[in-house]
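Here is a friendly briefing to read with the coordinates open in your viewer. Take a look at the model first, and then we can walk through it topic by topic.

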2 protein chains.
Amino acid sequence: MAKLDESLLTGLPPFSQLERPQIRAILDEAISRRYDEGKAIFREGFDADHFFLLLDGFVRVSRATETGEQVIVLHISPGQLFGIARALQRETYPATAIAAAESIVLSWPMRLWGPFIDSYPSFAAESYKTVGLRLGEIQASLTEMATKAVEQRVAATVLRMANQSGRKTEDGIEIAFPITRENIADMTGTTLHTVSRLLSGWQKQGIVKSTRKHVVVTDPHRLVVLSQSNS
Amino acid sequence: MAKLDESLLTGLPPFSQLERPQIRAILDEAISRRYDEGKAIFREGFDADHFFLLLDGFVRVSRATETGEQVIVLHISPGQLFGIARALQRETYPATAIAAAESIVLSWPMRLWGPFIDSYPSFAAESYKTVGLRLGEIQASLTEMATKAVEQRVAATVLRMANQSGRKTEDGIEIAFPITRENIADMTGTTLHTVSRLLSGWQKQGIVKSTRKHVVVTDPHRLVVLSQSNS
DNA sequence: CGCGCGTTTGAAATTGTTCAAGACCTGTGG
DNA sequence: CCACAGGTCTTGAACAATTTCAAACGCGCG
């Protein structure tokens, strides 16, 4: 396998304060791999034997219920660590990670977790910070689900994705990975039918523009209003 | 202030592998305090200047929405650490903690967090494990909210509280702290009216027995069935 | 160019909320 | 010791939001 280039990691928070040779050592232990859209990176309940860094693409993290339904918990953007179950003393992955778009992922065997944490303070700090941010995000979803009506939840969810992983286009902010009505339904605890109706309605009002597996937010401000109104 | 007795901590996971003098040192830094039912221990958004251990009683952890509604995220039982925002590199508390029943709490100033983590491996491990368990619990709530109907959510929630902090009585398992219909509604994202109707119905069927601020599960098995049925 | 997945849309059915009113406890103060 | 006040719980009825069921459409990949 060709050597990975050091510039891959130099800008990223977990490695920001490290010297060249340290980054070199870290990279030499890493395996790089490409995942096609829809391919699983790891699955809920399985042995947590690796941890990961997303270099490019997007990853969808979901949990399944006993009855087979799935709930999408969050999305991972490039530059983020994931599959860091060990940070929480877990032996197994608590959720399933699937490539939402074609993705490039670095991975390390979990036995390096301890050494990394001990040797690289910025790696430890960033890991725990990441966990904290995700916990916050999940709590935010939970409170939304508990207090907001469906339209507000969908608006808030679309908005969050546009903010976290949107890219600007001439029409507005476009969610940067393929996403179906059903995906959005799985994030908001509703049905694809309801999501379809909502998006259609918003499109008529010029708030969003959407095509197959694709959503562009053209009027973020009005979407914010929608996500907050409790009438 | 009277010296705290070392036996308070000896049985608890965070301190289980420590020697007598270490526990003595930890206790000498701690402040013990009693909180009446309903009193806040810390509030969301405030400076995270202390971390806590619940010795006796129960603590309700909740978040508020911009519009003033509150969502109860989880309950803390005796022996557990809480307010450990620093484990996640946070500067402020991400939620509000209120005594659900009269409670006895130990607290330490947050400046001791680093030293504790560095000096006592079992404390570090237990802290992160606690975070992991809570994350799991919140994720479970989230998937429940997203996939289950109200009756199933309420059944699952009552069951969870009975399991985590119930005590056996001759009638069945009793939730060990005062809890109103409205509290349960705030946990499940519904209204106190609906909760009241459900509990009344279950009581007629002999599944639970409830009085003011008080719930006893008399037939856990049927409640499990209810919490899972998707008919 | 055709097929399949993703999407749209109506209508009926249903679940849960909202509104409204009253009953019931329990601790407090006279 | 009793009455009262405030918080808690119950229940009916109307209503609204969302799901379910059903059918059809159409874009885009292979």
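How much of the chain is helix and how much is strand over residues 148-221 of chain A? The answer is 53% helix and 19% strand, with the end C-alpha atoms 18 Å apart. Please keep in mind that this is a predicted model. The points below go from the annotated domains to the two DNA strands, and then to the sheets and an aromatic pair in chain B.

**Annotated domains in chain A**

- An unreviewed UniProt entry lists "domain: Cyclic nucleotide-binding" at residues 14-102 of chain A.
- Over residues 14-102 of chain A, 11% of the chain is helix and 38% is strand, and the C-alpha atoms at the two ends are 23 Å apart.
- UniProt also places "domain: HTH crp-type" at residues 148-221 of chain A, again from an unreviewed entry. This is the stretch from the opening question, with its 53% helix.

**Around DNA strand D**

- DNA strand D is surrounded by 17 residues, and the closest come from both protein chains: Thr190(A), Thr194(A), Arg212(A), Ser196(B) and Arg212(B).
- Of the atoms of DNA strand D that come within 4 Å of the protein, sugar and phosphate make up 52%.
- At the backbone of the DNA, a polar side-chain atom of Thr190(A) is 2.7 Å from a phosphate oxygen of DNA strand D.
- At the bases, an N or O atom in the side chain of Arg212(A) lies 2.5 Å from a base nitrogen of DNA strand D. From chain B, an N or O atom in the side chain of Arg197(B) is 3.1 Å from a base nitrogen of this strand.
- Helix H7 (192-204) of chain A and helix H7 (192-204) of chain B are the elements that give two or more residues to the surface near DNA strand D. H7(B) gives the most, with four residues.
- By class, the surface near DNA strand D holds nine polar, six charged and two nonpolar residues.

**Around DNA strand C**

- Which residues are closest to DNA strand C? They are Arg181(A), Ser196(A), Arg212(A), Thr190(B) and Thr194(B), out of 18 residues that surround this strand.
- Sugar or phosphate accounts for 57% of the atoms of DNA strand C within 4 Å of the protein, and bases make up the rest.
- A backbone N or O atom of Val150(B) sits 2.8 Å from a phosphate oxygen of DNA strand C.
- Two side chains come to base oxygens of DNA strand C: His193(A) places an N or O atom 3.2 Å from a base oxygen, and Arg197(B) places a polar atom 2.9 Å from a base oxygen.
- The elements that give two or more residues to the surface near DNA strand C are H7 of chain A and H7 of chain B. Here H7(A) gives the most, with five residues.
- The surface near DNA strand C divides into nine polar, six charged and three nonpolar residues.

**Two open sheets in chain B**

- One open sheet in chain B has four strands in the order E9-E10-E12-E11, with antiparallel pairing.
- Why is one side of strand E9 (166-168) and of strand E11 (208-211) of chain B left without a neighbour in the sheet? Both stand at the edges with a single partner strand each, so one side of each stays free of a neighbour in the sheet.
- The twist in this sheet averages 25° from one strand to the next.
- Strand E10 (residues 173-175) and strand E12 (residues 214-217) of chain B pair in the antiparallel sense over two bridges, and Ile173(B) stands opposite Val217(B) in E12(B).
- Another open sheet of four strands in chain B runs in the order E1-E8-E3-E6, and the pairing is antiparallel. Its edge strands are strand E1 (31-35) and strand E6 (81-82) of chain B, each pairing on one side only.
- E1(B) and strand E8 (residues 103-109) of chain B are joined in the antiparallel sense over five bridges. Ser103(B) in E8(B) is the bridge partner of Tyr35(B).

**An aromatic pair in chain B**

- Over all chains, the count comes to 32 aromatic pairs. One of them is the tilted pair of Phe15(B) and Phe123(B), at 6.1 Å centre to centre and 35° between the planes.
- This pair links distant parts of the chain, as the two residues are 108 residues apart. Phe15(B) is in the loop between helix H1 (7-10) and helix H2 (20-29) of chain B, while Phe123(B) is in helix H4 (residues 121-147) of chain B.

Definitions and conventions: Residues are numbered from 1 along each chain as its sequence is written. Chains are lettered from A and ligands numbered from 1 in the order in which they are written. This is a predicted model: local features need pLDDT of at least 70, side-chain atom pairs count only at pLDDT 80 or more; totals for chains, interfaces and linings use all residues. Side-chain values use heavy atoms; hydrogens and water are left out. UniProt positions are given in the numbering used here, feature names are shortened, and annotations may be inferred rather than shown by experiment. A residue is near a molecule or strand if one of its heavy atoms lies within 4 Å of it. A polar contact is a pair of N or O atoms within 3.5 Å; within protein, one must be able to donate a hydrogen and the other to accept it, and residues adjacent in sequence count only if both atoms are side-chain atoms. Ala, Val, Leu, Ile, Met, Phe, Trp, Tyr, Cys and Pro count as nonpolar, Asp, Glu, Lys and Arg as charged, and the others, Gly among them, as polar. Two strands pair if DSSP finds at least two bridges between them. Axes are lines fitted to C-alpha atoms, for helices over the stretch in contact, and angles run from 0 to 180 degrees between N-to-C directions. Rings of Phe, Tyr and Trp (its six-membered ring) pair if their centres lie within 6.5 Å; planes under 30 degrees apart count as stacked, over 60 as edge-to-face and the rest as tilted.
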